[in-house]
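The following exercises concern a structure of two chains, to be examined alongside its sequence. Please attempt each task before reading the solution beneath it.

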Amino acid sequence: MTFRRYLVLGVVAVTAPLGDTLLSAGMEKVGPVSINHLSLLIYAVRTPQILMGITLLIAFFASYLASLSWADLTYVLPATSIGNVIVALLARFWRHEQISPARWLGILLITAAVGFVAQGPSYTVTEKECATSELTPAGIAPGARRS
Amino acid sequence: MIAAIVVFATIGDVMIAAAMRSIGDLDDIKAARGLSGAILAVLGSARFVSGVFFMALSFFSLLFALSHADLSLVAPASASLTFVTNAVAAKIFLKENVDRRRWIAAVFVCAGVILMAH
C-alpha cells in the first residue's frame, strides 16, 4: 500500500457522504417534487449543489472501483464506513450540532474498526494470480496476502 | 424488504469486486492504455454490468422499503447487515482471506452504525 493508494481510500471515504449531503442540500432548495411534475427533477440537476454532489459521487464510484482493483472488498468497505464518522464530526464542529454519547461510541467503534483493518494486509493473492505472475513468488502459498 | 436490500447490495458489491479483480490493477492498465483504456476495460466486463444491475435493484428495494418504513430503521439495519453479509460473501465467493481482524472490524462497524443511528 503506497501513500497514493491511502489517498484514494481517503477519497472513497470523504466523497460519498459529502456528495449525499450536497444532493440533500440541493433538493432542499428545490423543494418537494410532485409525481405529476417529475420534469422538475431535470431542472433540479442544474442547481450548483446537485451538480457538485453528482460530481463527488462520480469521484466516489471511480475511486471505489480503482481501490477494488488492488485491494480486497473487505479491506475497502471499512473506508466507506469512515464517511459516517466524518459527517458526524463535521456536524459537531462546523454546524455545532450535539452528538449523544451513543453516537460518540459509534464513532469510536467505526474508527477502531478502520484502524484495525488498515494495519493488516490489503490483498489476497489467489492461486491463479500466483501462476500467471511474471515473478516467481517463492514460498507464497495460495491464499497468502500481500500488502 | 430489508432482506431484499441487503441481498441485492451484497450480490452487487461482490460482482463488482470480482469484476475489478479479474480486470486487474487499474493503475497498470491506465499506465499502458490511458484513462479511456481503463474505462473501457471496466465497462466491457459482464460481471461489472451485472454488479451495477444488482446495485440498482438494491436501490429500488431501498426506495420501496422507505415508502413503508422509517429511514431511521431501514438505513442502519440495511447498512450494518450488508457489511456483515459482504464479509461472508467475500470469504466464500471471492476467496478473500477474511481474518479475525476483519471479522472484528465488521462487527465493530455493524455496532457503530446502529449506535450512530440513535
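**Exercise 1. Helix H3 of chain B**

Task: Compare the expected span of helix H3 (residues 46-66) of chain B with the distance between its end C-alpha atoms, and determine on which side its buried residues lie.

Solution. Helices (H or I, at least four residues) and strands (E, at least two) are DSSP runs, numbered from the N terminus.

Step 1. The expected span is 1.5 Å times one less than the number of residues. For the 21 residues of H3(B) this gives 30 Å, and because the end C-alpha atoms are 30 Å apart, the two values agree.

Step 2. A residue is buried if 20 or more other C-beta atoms, placed from the backbone, lie within 10 Å of its own, exposed if 12 or fewer, and partly exposed in between. The buried residues of H3(B) are B:Phe48, B:Gly51, B:Ser58, B:Ser61, B:Leu62 and B:Ala65. They cover an arc of only 135 degrees around the axis, so they lie on the same side of H3(B). This arc is taken from the directions from the helix axis to the C-beta atoms.

Step 3. The other side of H3(B) carries the exposed residues B:Ala46, B:Ala56, B:Phe60 and B:Leu63.

A note on conventions: the model is predicted, so local features need pLDDT of at least 70 and side-chain atom pairs count only at pLDDT 80 or more, while totals for chains, interfaces and linings use all residues. Residues are numbered from 1 along each chain as its sequence is written, and chains are lettered from A and ligands numbered from 1 in the order in which they are written.

**Exercise 2. The side of chain A that touches chain B**

Task: Establish which helix gives the most to the side of chain A that touches chain B.

Solution. Step 1. Two residues are in contact if their C-beta atoms, placed from the backbone, lie within 7 Å. By this criterion, 30 residues of chain A are in contact with 33 residues of chain B.

Step 2. Helix H3 (48-70), helix H4 (73-93) and helix H5 (101-119) of chain A each supply at least two residues of that side. H5(A) gives the most, with eleven residues.

Step 3. By class, the residues of this side are 17 nonpolar, ten polar and three charged. Ala, Val, Leu, Ile, Met, Phe, Trp, Tyr, Cys and Pro count as nonpolar, Asp, Glu, Lys and Arg as charged, and the others, Gly among them, as polar.

**Exercise 3. B:Arg102**

Task: Is B:Arg102 buried or exposed, and what is it in contact with?

Solution. Step 1. B:Arg102 is found in helix H5 (residues 100-116) of chain B. This residue counts as buried because it has 24 C-beta neighbours inside 10 Å.

Step 2. Leaving aside neighbours within four places in sequence, B:Arg102 is in contact with A:Thr74, A:Val117 and B:Ala87. B:Ala87 is 15 residues away along the chain, and the two C-alpha atoms are separated by 8.1 Å.

**Exercise 4. Helix H1 of chain A**

Task: Locate the bend in helix H1 (residues 3-30) of chain A and identify what covers its buried residues.

Solution. Step 1. H1(A) bends by about 25 degrees at A:Thr15, and A:Pro17, a proline, follows within four residues. The bend is the angle between axes fitted to the seven residues ending at a residue and the seven starting there.

Step 2. The buried residues of H1(A) include A:Val8, A:Leu9, A:Thr15 and A:Pro17. Their cover includes helix H2 (40-45), H3 and H4 of chain A.

Step 3. Just after H1(A), A:Gly31 takes a positive phi of about 95 degrees.
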